[in-house]
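Visitor: I should like to understand how the terms used for a protein structure are justified. May we go through some of them together?

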Amino acid sequence: MGTIRMTMAQALVRFLDNQYICVDGKEIKFVEGVATIFGHGNVCGLGQALDQNRGALKYFQGKNEQGMAHLATAFARQNNRRKIIACSSSIGPGAANMVTAAGCATVNNIPLLLLPGDTFATRQPDPVLQQVEQPSSLTVTTNDAFKAVCKYWDRVQRPEQLMTAMINAMRVLTDPAETGAVCIALPQDVQGESYDYPDYFFKKRVHRITRSIPSSEELQDVVEAVVTSKKPLVICGGGVKYSEAGKALLDFCENFNIPFGETQAGKSACPSGSEYNLGGIGVTGNLAANQIADKADLVIAVGSRLSDFTTSSKWLFKNPDVKFVTINASRFHAYKMDAIKAVGDAKATLEVLTELLRERNYRSAYKNEIRDAKAAWDKEMERLAACSYGENFKPEIEARNPGSIEEFAEMTGSSLTQTAAICEIRRTIADDAIVIGASGSLPGDLQRMWTTDVRDSYHMEYGYSCMGYEISGALGVKIAEPEREVYAMCGDGSFLMLHSEFFTSIQEHQKINVLLFDNASFGCINNLEMGNGIGNLGTEFRYREASGDLTGSFVPIDFAKIAEGYGAKSYTVRNLAELKAALEDSKKQNVSTLIDIKILPKTMTHDYLSWWHVGIASTSEKPSVCTACEKKNQHLAQARKY
Ligand SMILES: Cc1ncc(C[n+]2csc(CCOP(=O)(O)OP(=O)(O)O)c2C)c(N)n1
Ligand SMILES: O=C1C[C@@H](O)[C@H](O)[C@@H](O)C1=O
Ligand SMILES: [Mg+2]
């Protein structure tokens, strides 16, 4: 055994540069690079190491630590979790800025390696700048906040600890069932401390991602459940994408005449054009999927977390005899809904099940129901595409602040509805373009309305639904797939919250397109608030009045000008013709673009046969709130208890 004397940070960089994964016999370099925002907590340790020798690792400069970590998350997700960009911050606020992104990666089961600087292990300068100082324990630092949102957490207090810390980091990052955010906190003095590392720590390491198959007993349980069902329904979750099981799922459904609904994470694993694909299911599902779900006697959830949005808070499946099957790499997720479980890789499991069910000559009892449900939704889509503003205009969302739509139309000159704009975007952008979303009203509309036959062209972060992911994520996706056009579908509220990496896209010459839906409000929350009988508080962007409240007129924002200031090409559009022209022109640009789409409030889609359980006041002075509470209790009485 030879040894190499290096600092801990130098050893970390060299280790990262030598990690590979192997999946289906294909070897892939796992770490693409390191993104950082330097501060005193990491520049002289990790910064020195990256500057001296970063091997084949690329360097990325973040502008906001949260945005940078979202970028890395989106990069990993678009690469089907087969490549990562590690993220490093300074100590204190820089580290804390990554906590939100860590939660976001963990809930979505996406590998994200975080390397925040930490306070001095020696405690010599105690307290160092940005040290929080918990009088109850000096071992507690800002980085302890990562424990709640990471799948693995470690702090390297001696240089030799790096070795077991990083082996465990890789264990978690490359495990399909366990992956998520990993935090390896790096005290700033230890980053620069030297140690004689054994050379075998730096050898090329290949982590095999295997396709586990459920036990034969589990498979038999599933087979029996399917053969005794007449109206089964498959839910296509994100695990189908990560396992590249789209074809296996389609074969399964075609063989046995089983329709499937898509979750946000599962959309674009299979073509929308398939006669069995009902589209989005759940709270933000469409008429076709939710109609079939209502009657299903067996729900087969493949690679799904079965979140409240997917199950309509356990209310969607109303057949009194309904049973659940879960196919999931994670035993934790497989245990949900008291399901009949098959713990294994989605692709491998579906392939085996297809063989087993063929032997039993199984075929569901559906006749025209699938076709009819889809036809009804297609008709509704035509109506949504044609929604336009004019005399006696009736918006999709009933509960509203009287006068807001007219005031917005007058202020902006817009006649654009959100549903028609989305249809125009679908018609105009390339088939293989990738849309990215996360928060606000757009994910609901897109899950219902967006169709695509191109794999991995729908990238929706709806586990954390984290405002600010859209633009940061778009850049991560573009770095993962530079040949494809990438569109961030972003509300005005989300843009205002975080768009720092828009500038990074310009710096990187990585063109992204921001489709900014400006409705002068936190629109979906305004819907939720007013739809539950509450007033119009804090969800529209209005001036403060002399009376003391935020009840003045709408505050106009020129988002196109903001984008122009960064060096992007930008447009403002107020009708379908302008939107189409801007979309066409933006395709010709080499630089990032932003289209400021002035969208009439309340013109997003409403619910289709779904319910979402939110906390509602059970005592109120307002009768409308009491009515909302009664409605909630009625729904709750129909829902599964757990
Ligand atoms: C980081 C974060 N903070 C708060 C929320 C809660 N939230 C969800 S949507 C929303 C408003 C979104 O407004 P906008 O982006 O304009 O989208 P719209 O609903 O108007 O389409 C808020 C505050 C969130 N999802 N993420
Ligand atoms: O609270 C929320 C409501 C959802 O409608 C929205 O899409 C999501 O971003 C959210 O956080
Ligand atoms: Mg908005």
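Visitor: What makes the contact of Asp-294 with Lys-295 a salt bridge?

Guide: Please note that the model is a predicted one. The closest N and O atoms of Asp-294 and Lys-295 are 3.0 Å apart. A salt bridge requires a side-chain nitrogen of Lys or Arg within 4 Å of a carboxyl oxygen of Asp or Glu, and therefore the pair qualifies.

Visitor: Why is Lys-295 called exposed?

Guide: Its relative accessibility is 53%, and exposed means over 50%, so Lys-295 receives that name.

Visitor: Why is Asp-294 called partly exposed?

Guide: The relative accessible area of Asp-294 is 22%. Buried means under 20% and exposed over 50%, so Asp-294 belongs in between.

Visitor: How do you know that Arg-371 and Asp-372 meet in a salt bridge?

Guide: Their side chains have an N to O distance of 3.7 Å. The cut-off is 4 Å, so this pair is also a salt bridge. Arg-371 counts as exposed because its relative accessibility is 55%, whereas Asp-372, with a relative accessible area of 43%, is partly exposed.

Visitor: Why can such side chains pair at all?

Guide: Side chains of opposite charge can pair when their charged atoms come close.

Visitor: How many salt bridges are found in the whole structure?

Guide: A search finds 37. One of them joins Lys-29 to Asp-17, with the closest N and O atoms 2.6 Å apart. Lys-29 lies in strand 3 and Asp-17 in the loop between helix 1 and strand 2, so the pair ties together parts that are 12 residues apart in sequence. Both Lys-29 and Asp-17 are buried. Salt bridges also link Glu-424, Arg-427, Lys-580, Glu-584 and Lys-587 in a network.

Visitor: Why is Asp-445 said to have no salt bridge?

Guide: The nearest side chain of opposite charge is Arg-448, and it is 4.1 Å away. A salt bridge needs a distance within 4 Å, so Asp-445 and Arg-448 do not form one. Asp-445 is found in helix 18, residues 442–449, and is buried. Leaving aside residues up to four places away in sequence, Asp-445 touches Gln-418, Ile-422, Trp-450, Met-604 and Thr-605.

Visitor: What makes strand 20 mostly covered?

Guide: In strand 20, residues 486–491, 6 of 6 residues are buried. Val-486, Ala-488 and Cys-490 point one way, while Tyr-487, Met-489 and Gly-491 point the other way.

Visitor: How do you know that strand 20 pairs with strand 18 and with strand 21?

Guide: At least two bridges are needed for a pair. Strand 18 is joined to strand 20 by 3 bridges, so these two strands pair. Strand 20 is joined to strand 21 by 5 bridges, so they pair as well. Strands 18 and 20 run parallel, and strands 20 and 21 also run parallel. Ile-436 stands opposite Ala-488, and Gly-491 stands opposite Phe-517.

Visitor: Why does Gln-52 count as exposed?

Guide: Gln-52 has a relative accessibility of 51%, and the limit for exposed is over 50%, so the term applies. Gln-52 is found in helix 2, residues 43–52.

Methods: Residues are numbered from 1 along each chain as its sequence is written. Chains are lettered from A and ligands numbered from 1 in the order in which they are written. This is a predicted model: local features need pLDDT of at least 70, side-chain atom pairs count only at pLDDT 80 or more; totals for chains, interfaces and linings use all residues. Side-chain values use heavy atoms; hydrogens and water are left out. Buried means under 20% relative accessible area, exposed over 50%, partly exposed in between (1.4 Å probe, protein chains only). Helices (H or I, at least four residues) and strands (E, at least two) are DSSP runs, numbered from the N terminus. Lys and Arg count as positive and Asp and Glu as negative; His and the chain ends are not counted. Contact means heavy atoms within 4.5 Å.
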